[in-house]
Amino acid sequence: MSFAQAADSQQSAAASAVVPDPGLGNLLANPGFEQVSGGKPVNWVMFNTSTYQSVTNMVYSGSYSVKLTNNLVGNGVRSAKIDISPGIVYKASVYSYNESGGSQLYLEFWDRNNTRVGVKTTGQSVPAAWTRMEAELAAPSNAVTATVLMYQNASNKGVAYYDAASLTIEPTTLSFTGLKERSRSPGLESGTVGEAVLLKNVQPGQFAEYELPVAGTGIYDISLEGLTSAAGGQADVLLDGELIGKMDYYGQDGGRTRLAWSKSLSVGTHILKLAGAGKNPDSAGSDLLPLRVTLFLNVIKEKLQRLNDDLDSAQNLLDAANAKLLPGDAAADRYLHAKSAELAGTIQSLRDRGRQPDVDYAGAIALVNEAGKLVWDIKRFTNFAEVRLAQPGGSFGMATADSMELVYPLDLPCLCTTDPATVSLAQGEYENIQAVVMPYGEALTAVTAQVAGVIGPDGEAVPESMLHVAVSPLGSVNVKPTSSYSIPATANSPGNYYGWTPDPVRSDLSSVDVPAGTMQPYWIEMHAGALIKPGTYRVKVAFQAANTPVQTMDIQVKVWPFEIADRPKLATSMTTNPQSFYLTYGITDPEEQERMRDRYLDFLETFKIEPDLIYRNTPPTVEELKKIESKWGLRQFNVLYIDPRVGFDLNKPETWQTRIDYLLNTIGDAMAEYELAGLADKAYIYGFDETRAEYNKLVKEILRQVKARFPNVPVMSTYLDGTLGVQSGLEGLIDIWVPGVQAINQSAKAAAQQRGDQVYWYLHVSVRSPNPNWFNGYLPSDTRVLLGPLSHKFQFDGFLYYNINRWIGRTPMSDGILSNWDPRTFPNADGDGSLYYPGPDGPLASQRLHNFRDGMEDYNLLEELQVRIDHAEASGESSDVLAEARDLLHAGAIATNERTYTKSAGAYREWREQVAGMTVKLSKTIAVNRLQELLSAYETSGDLKMPLLAQLNNNLTQAVDHQQKGQAAQAVKSLEDFQKHLNNPALQGSISETARTMLIAHVERLMAIWQSQ
């Protein structure tokens, strides 16, 4: 039973492998297709969008077969993944009956990232007869799972039936005459008798050694077979120096002798030794006649060994957790002790079941899966034990987790801590942390959370404009199994976890119920104003459930003494389709539509997303663009989408011009209006989305005319050319190249940028781990690393995404904290095409969206460091400091490339702190220059006048002089005098309020920088 005592907790948090049918070595689940649900075979997965069904009218055996109907598309059905051992030979087979066309069988191997790393195919086209197909292949070294795919290729139109599938392990049989002899005793003679080796008259002390190759690591059943003869002797058999047993080769001529044992072997070469051990008294000699050795990977014994290992780990974890339990008689402590006893009982039960003599492969797999889940349950139990130990007086537990971590409500442990909560951020920056409410044996009802206070460095309350804090419960959506990608394992998940997964920030819920044994995360968002005083702040958040006392959590917030830019430095093209808003809410009234659109676009602006639409059929109006520009600025916009698949016949080039003229005229009319409105320089054209080489001639012709007519309008495209224009001949025609994150060619990117093109990158459904993506269930830190350090490190010019609100057929999310809102917004992919959620009255943020913004702000943070490095180089800063600064800028400690980057929130936070520290260290001169520039600018504008101007200039000059002489205390004293003059009531007529506010903020920033040195 799951630690979370709720019906929904029955999701398996352990391995992804399914339980196969018992039988003679068949590893497949439901190999005869006899288990059917909804007209489909259980434990078999549709290939892409195939047409298949379970039928009874045409079977090879049993009651059901699978019928595949192909209409000139790749059509198939694939088995569930089966755990395998690299190097071992596997054989797949199936019977197929072709009603028309042919049928194929694929044996496929997959690595940990769900990439196919090996395949063997076969097929048959025999009409109207059940015919067996077989495919045999050794598992590649990097394979971890295998599948069997029954398939009809795209050109194979027809109907085929499949039945009696199997996947088996093939034994390895090696003849002694084929083994490499390693050594033998001097004078020992040998020969051959058929396939057997003849070792003549082997005396005690004499031996022969042979190299035994083992293809894969595991527990093997080993059989050594020999011939007997009237002159046969006896031999000790040793494997890698260990005595296995004795073989007697005496007996009837041509008879057989056999020694069998089981042993765990690693991949590689092992030494098999036959040592003379005398003879039977009736034997006429001491000959040895070894014939063959057979190795068979015993997956049952292997799984049972893994079971014992997992149970040992589980017991060690439980012992460690028990050491943290309190001895008291409080209800929470009684609950935890009872839970510990329950877990201990489960460990013993699994041990007992594993010792039964009749455990088959299916039973072994089931036991391993249960033990694997038990380990995670105990880790989760440990979370509760630790929180209770740290907070013995609380009626419920509270902890914190990083905003880059997933806190699963019903299963799996949390990477939580009861250490003092801390958050660091720059002026003008957002940051987040999670609070986790953890009830023990009793459910909590009507739990509320609210900000109880924000106290500044001076002990005074801080206005919301300076440090805004908001707290909301973090909801979960139900992530379902998919064949499109795997969910990576993390420090608190075994990988491929399907079930309730946190993401929507439920700002629409004022209170929630929290069942016993669950973990309810709360999202705490903080935003430091650009003019906030640097220093340490204390945020207090209060939590209360019905009939329980208020419990509070303190969060220490450190504000760094520098500001990051509010608007993103990294360009984006993020499709935001307002039609999706209107359809989701059923809004038809134009005025209501406009209000809802404004609500969503204002929301997205706070998350650093400028609305755009790459698949635009009509150009945006000047009114739409001016509205965006007036609100928060307009960086760029797409005029029109050019799709070569629509309106063109590749086989009739003579008809192309009509469509091209339409596109040119549509763009031309819009550009004329943009020119008059002063917007033309922000326009670009998006086209040829993921277009392949067969369209190349057409694409060239369209672009030739587009560039001739609109030479100053950039063209952006995800055209599929890894060389970014060289191979396709499109260099000079496409200005902004957008390769997928998984398909980056760094040398091609550098060449394109060198010739003046821009290069963005983009995510799509085929970008899979180890590359980052924002599927539900992937670590949120993937998004942050991608948009921040990776984008900056490799100097990408921007980021594109095809849709952030693909809510086809959805209604607003308006149910409980565990929402039934379906996150599968793209076929077979949860979270693809949707980065946030439609709430009851407007948008709801998500954990992924927050991490998107955090990544964009981290990019801006690195830009601040870059500015300071450039300034420090010109100012003669030491080479050691500059080298350290450049290392931090390039983020080598956390990101090597788009496949290798940190998954540790702690490591990421440490790097951020170091970046901030270096930014502060290199800010001494810049901060002074900025303050001097402000004084000069306010003098020019008339916002700052004499005599205050002279006093401020004098204070700043003295402060700089003291600082340069190493007189830190005097330097700070001069800056304090600067502040006093700014706040002197008698001098307020010499300065505007705007100037005073800005100068106070900048002198506080400079003071903090100097004090940190």
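Two strands count as paired here if DSSP finds at least two bridges between them. In this predicted model, β20 and β21 clear that bar, pairing in the antiparallel sense over six bridges. Across that pairing, Q234 sits opposite D248 in β21. The link between β20 and β21 is a hairpin with two residues between the strands, and D240 in the turn takes a positive phi of about 55°.

On another pairing, β20 meets strand β23 (residues 268-276), again in the antiparallel sense, over five bridges. Here V237 has L274 in β23 as its bridge partner. Strand β20 itself (residues 234-239) is mostly covered, with five of its six residues buried.

Zooming out, these strands belong to an open sheet of five, running in the order β15-β18-β23-β20-β21 with antiparallel pairing. The edges are taken by β15 (180-184) and β21 (242-248); each has a single partner strand, so one side of each is left without a neighbour in the sheet. On average, neighbouring strands of this sheet are turned by 25° against each other, direction ignored. At the β15 edge, the partner is strand β18 (residues 207-214), and the two pair in the antiparallel sense over four bridges. S183 stands opposite E209 in β18.

Now to a single residue elsewhere in the chain. Q427 is part of strand β26 (residues 421-427). Its relative accessibility is 0%, and buried means under 20%, so Q427 counts as buried. Leaving out residues up to four places away in sequence, Q427 touches a run of residues that includes A528, G529, A530, I532 and P534. Also among its contacts are V559, W560, P561, F562, E563 and I564, plus R1005. With R1005 there is a side-chain to side-chain polar contact of 2.6 Å. By contrast, the C-alpha atoms of Q427 and S286 are separated by 89 Å, with the two positions 141 residues apart along the chain counted as their distance apart.

Finally, there is helix α16 (residues 968-983). This helix has 16 residues and reaches 23 Å from its first C-alpha to its last, close to the 22 Å expected at 1.5 Å a residue. Its buried residues are A971, V972, S974, L975, D977, F978, Q979 and L982. What covers them includes three helices: α14 (924-941), α15 (948-964) and α17 (993-1012). R1005, the polar partner of Q427, falls within the residue range of α17.

Notes. Residues are numbered from 1 along each chain as its sequence is written. This is a predicted model: local features need pLDDT of at least 70, side-chain atom pairs count only at pLDDT 80 or more; totals for chains, interfaces and linings use all residues. Side-chain values use heavy atoms; hydrogens and water are left out. Axes are lines fitted to C-alpha atoms, for helices over the stretch in contact, and angles run from 0 to 180 degrees between N-to-C directions. The expected span of a helix is 1.5 Å times one less than its number of residues. Buried means under 20% relative accessible area, exposed over 50%, partly exposed in between (1.4 Å probe, protein chains only). Contact means heavy atoms within 4.5 Å. A polar contact is a pair of N or O atoms within 3.5 Å; within protein, one must be able to donate a hydrogen and the other to accept it, and residues adjacent in sequence count only if both atoms are side-chain atoms.
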